[in-house]
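Student: Please take a close look at the charged side chains and how they are paired. I would like one careful explanation that also sets them beside the rest of the fold.

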Amino acid sequence: MSRRWIQNPNRCADEYFDGIEDFIEFARRHNPGATRIRCPCRRCNNTLWETIENVGFHLVRNGMIEMRQVDHASSSNAPRVDNVEPIVDPNDQVMGIIQDVFPFASTNINQEGEDDVPTPIDNAEFEQYEKLLKNANQELYPGYERFSVLTTIVELIHEKIKYRMSSLYFDYFLGVFKRMLLTDNCLPKDHKHAQKVLHGLGLGYEKIHACKNNCMLFYKEHEMLDTCPICNESRFKMTSQNRTTKIPQKVMHYLPLKPRLQRLYMSTHTATDMRWHKEKCVDDDVMWHPADGEAWKEFDRTFPEFAADPRNVRLGLATDGFNPYGVLNQHYSTWPIFAFPYNLPPWKCMKKVYMMMTVLITEDPGRSIDVY
């Protein structure tokens, strides 16, 4: 079908409305019986599922995304729109996530009875895999096969994040929802128990104690110290002698980066994109991507062995402080540190879904941010 209507700046024009009708007809024809498709508007960016009617409304309000197709065979700058993906069963999507997280488990299962020696599996990881698999196969309540326990929790947690629900409101909503279902349903009772079910998927965080004066972290070889060797400041706050739990003076939240990067290569949807900067980026004197910049090229000349493998990850780093409570007369600030995988195509590498918060500093680190 013609795509000229996508470039029309007047989204109230007859040509634009006709183009939307053609697109919706195209979506219905390629997804017979489907009621929801990925929305290709500029806001949803093919990542959110909407009803076909809402997709038409979004295209009028937000416009259609435009992606430039650049390859070695052609230098054409014609806009490219991703094809509409077929509707996938939500339970199948969750099983796909489990297979991405634990690829070794499915490999070993498939190798049963063969002569090949199976890959050794860590007992703790396999136990997590079995728990997730059990929740992925368990019905929400007896006789209801459309959503499993794990699928329901993933959907609800996604909505919590999407609409910025507080944990208190989410607990109330989850309790009401649980009472609406049959009495023998398996839905967790609150947010804390829902997180425990998802714990096996990884991507959690670690709390690391820090010196009150930002001198150092109580980490690795300094993990067992009770005082800072630089300023002699106590690691813990002064509390009542009857209190058994020690309260640290300052805590840094660390979200491990390595497993997140591994996920990009585990998933078939992003593994190819992680080599885009080398295999599909064309040097045509146009700044399409950070790989076209002189800083990137100078780095490649300085470290040719690193640059030779396109799978090596290039990261951008960004941070800034803000007051989470919005009170201007307070000096308290929180500093999140984000990493951006620049291997991805230009229409993905700066998208929110690929931004990775790696560190959260709960107070202003000042000039000592390099400690963190």
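Tutor: Let us begin with Glu 127, which counts as partly exposed because its relative accessibility is 45%, a value that falls between the limits of 20% and 50%. Please keep in mind throughout that this is a predicted model. The partner of Glu 127 is Lys 131, and their side chains meet in a salt bridge with a distance of 3.8 Å from N to O, which is still inside the 4 Å limit used for such a pair. Lys 131, at 52% relative accessibility, counts as exposed. Both residues belong to helix H5, where they stand four residues apart, about one turn of the helix. As a general point, side chains of opposite charge can pair when their charged atoms come close.

The structure holds eight salt bridges, and two others make a useful contrast with this pair. In one of them, the side chains of Asp 273 and Lys 348 meet at 2.5 Å, N to O. This pair links distant parts of the chain, since Asp 273 sits in the loop between helix H10 (268-271) and helix H11 (276-279), whereas Lys 348 sits in the loop between strand E8 (335-341) and strand E9 (356-361), 75 residues apart. Asp 273 counts as buried, because its relative accessibility is 13% and the limit for that word is under 20%.

In the other, the side chains of Asp 300 and Arg 314 meet at 2.8 Å, N to O. Here too the pair links distant parts of the chain: Asp 300 is in helix H12 (residues 294-302), and Arg 314 is in the loop between helix H13 (304-308) and strand E7 (315-319), 14 residues apart. Asp 300, with 22% relative accessibility, counts as partly exposed, while Arg 314, with a relative accessible area of 9%, is buried. Salt bridges that share partners also join Glu 294, Glu 298 and Arg 301 into one network.

To set these charged pairs in context, turn now to the nonpolar residues. The largest nonpolar core has 23 residues, and Ile 98, Leu 150 and Ile 153 touch the most other members. Helix H5, which carries the pair described at the start, is one of the helices that supply at least two residues of this core, together with H3 (90-101), H6 (149-162), H7 (167-180) and H8 (191-198). The largest share, five residues, comes from H6. Another core, of 15 residues, lies apart from this one, and among its members are Trp 5, Ile 20, Val 55 and Leu 59.

Nonpolar side chains are found at the surface as well: Tyr 169, Tyr 172 and Phe 173 make a nonpolar surface patch of about 340 Å². Tyr 172 lies in helix H7 and, at 57% relative accessibility, counts as exposed.

Finally, compare the charged pairs with the cysteines, for the structure holds zero disulfides. The sulfur of Cys 211 has its closest cysteine sulfur in Cys 231, at 3.5 Å, which is too far for a bond because the limit is 2.5 Å. Cys 211 is buried, at 2% relative accessibility, whereas Cys 186, at 30%, counts as partly exposed.

How values were computed. Residues are numbered from 1 along each chain as its sequence is written. This is a predicted model: local features need pLDDT of at least 70, side-chain atom pairs count only at pLDDT 80 or more; totals for chains, interfaces and linings use all residues. Side-chain values use heavy atoms; hydrogens and water are left out. A nonpolar core is a set of buried Ala, Val, Leu, Ile, Met, Phe, Trp, Tyr and Cys residues joined through side-chain atoms within 4.5 Å. Buried means under 20% relative accessible area, exposed over 50%, partly exposed in between (1.4 Å probe, protein chains only). Patches are made of residues with over 30% relative accessible area and no salt bridge: like charges are joined within 9 Å, nonpolar side chains (Val, Leu, Ile, Met, Phe, Trp, Tyr) within 5 Å. Accessible areas come from the Shrake-Rupley method with a 1.4 Å probe; for residues, only the protein chains shown count as cover.
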